[in-house]
Amino acid sequence: MHAFYLEPNNWQDLILTGSEFHHLSKVLRLKEDEQITLLDGKGKEAICLIQTITKKEAKLTLCSEKIYPEDTAKITLALGWGKAARRGFMLEKSVELEAHALWFWQAERSQFPVPQDIKASWQEQLIAGAKQCRNPYLPELCSVTQGVQELIEKSKNFDHKQLLVESDYAHDAFLSEKELGLSGNTICVIGPEGGFSPQEVELFKNAGFKTYTIGDRILRWETAAVMVLGLHWWNKQQKKH
């Protein structure tokens, strides 16, 4: 069954417009009386019947609805801002591997400034990933434009604070699945393509972040990020099964 996204504030009307309507009517060419799956990105999933289709919208009728409980083990990935080439890949993987949030932060070695506002195209990529993998929750997106101090302040109430450093930095431990998939809120900070500066590492350590490495290789930031999310997801799956 094909899946579509409708913002939570619009569920009282159950009308698809814009790109979702275009995909339903022009790409998939669905017809009246066919069923679809509807997601709101906040844990709600519904089976709906296409009631009517006009030139601009599709009116739906609710058949059944399910609310998925919010995860008790949440991970926020803070990614040092870098090139855009692989950002779309990371957005999609964050949905598939159940990240709670993605924070793009301004590091000393970031090559470009972090945008002040979340771009609509980023949200669209999350939605596309959610529809493909049927994750009922969309990761929350956030821009952290003021560097380390702002990131430290935003994460001060997290239960588990992790800093993923290159292997040539002194570190507390090797990151394994035992440190991920933990109950509560976990934040894992990854540097930009140029890595952390020594000053940034010290600031994070002084703020209570534990330093981890994931091996001897210098990994691209999206490789490190997917490994972290994969370990987090894997540990949660093991506990379920």
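This report walks through a predicted model of a single chain, starting with its overall make-up and moving on to its sheets and surface.

## The big picture

Let's start with the basics. The chain has 241 residues, and buried ones make up 47% of them. Six helices and 12 strands are found along the chain. If you follow just the C-alpha trace, it spans about 60 × 40 × 30 Å along its principal axes.

The strands are a good way into this model. In general, strands of a sheet pair through backbone hydrogen bonds, and they can do so in a parallel or an antiparallel way. Two open sheets are described below, one with seven strands and one with five.

## The seven-strand sheet

Here the strands line up in the order E8-E7-E6-E11-E9-E12-E10, and the pairing is parallel. E8 and strand E10 (173-174) sit at the edges with a single partner strand each, so one side of each has no neighbour in the sheet.

What does the E10 edge look like? E10 pairs with strand E12 (residues 210-213) in the parallel sense, over two bridges. Across that pairing, Phe174 stands opposite Thr213 in E12.

Moving inward, E12 is also joined to E9 by three bridges, and these two strands run parallel. In that pairing, Leu164 has Tyr212 of E12 opposite. E9 has strand E11 (residues 184-190) as a parallel partner too, through five bridges. There, His160 stands opposite Thr186 in E11. As for cover, strand E9 (residues 160-164) has four of its five residues buried, so to speak "mostly covered".

## A closer look at E7

How many residues of strand E7 (residues 101-105) are buried? The count is five of five, making this strand mostly covered. Both of its faces are covered: Ala101, Trp103 and Trp105 are buried on one side, while Leu102 and Phe104 are buried on the other.

E7 also has a partner strand on either hand in the sheet order, namely E8 and E6. Strand E6 (residues 73-80) runs parallel to E7 and is joined to it by five bridges. With strand E8 (residues 140-144), E7 again pairs in the parallel sense over five bridges.

Ala101 is a handy residue to find in the viewer. It is the bridge partner of Thr76, and Ala101 also stands opposite Glu140 in E8. Add to this that Ala101 is one of the buried residues of E7.

## The five-strand sheet

The other open sheet runs in the order E1-E3-E4-E5-E2, and its pairing is mixed. Which strands stand at its edges? They are strand E1 (3-5) and strand E2 (15-16); each has a single partner strand, so one side of each is left with no neighbour in the sheet.

Take the E2 edge as an example. E2 is joined by two bridges to strand E5 (residues 58-67), and the two run antiparallel. Leu16 stands opposite Ala58 of E5 in this pairing.

## A charged patch on the surface

Finally, let's step out to the surface. Lys26, Arg29, Lys31 and Lys55 form a positive patch there. One of these four, Lys26, belongs to helix H1 (residues 18-27).

Key: Residues are numbered from 1 along each chain as its sequence is written. This is a predicted model: local features need pLDDT of at least 70, side-chain atom pairs count only at pLDDT 80 or more; totals for chains, interfaces and linings use all residues. Side-chain values use heavy atoms; hydrogens and water are left out. Patches are made of residues with over 30% relative accessible area and no salt bridge: like charges are joined within 9 Å, nonpolar side chains (Val, Leu, Ile, Met, Phe, Trp, Tyr) within 5 Å. Accessible areas come from the Shrake-Rupley method with a 1.4 Å probe; for residues, only the protein chains shown count as cover. A salt bridge is a side-chain nitrogen of Lys or Arg within 4 Å of a carboxyl oxygen of Asp or Glu. Lys and Arg count as positive and Asp and Glu as negative; His and the chain ends are not counted. The place of a charge is taken as NZ of Lys, CZ of Arg, CG of Asp or CD of Glu. Buried means under 20% relative accessible area, exposed over 50%, partly exposed in between (1.4 Å probe, protein chains only). Two strands pair if DSSP finds at least two bridges between them.
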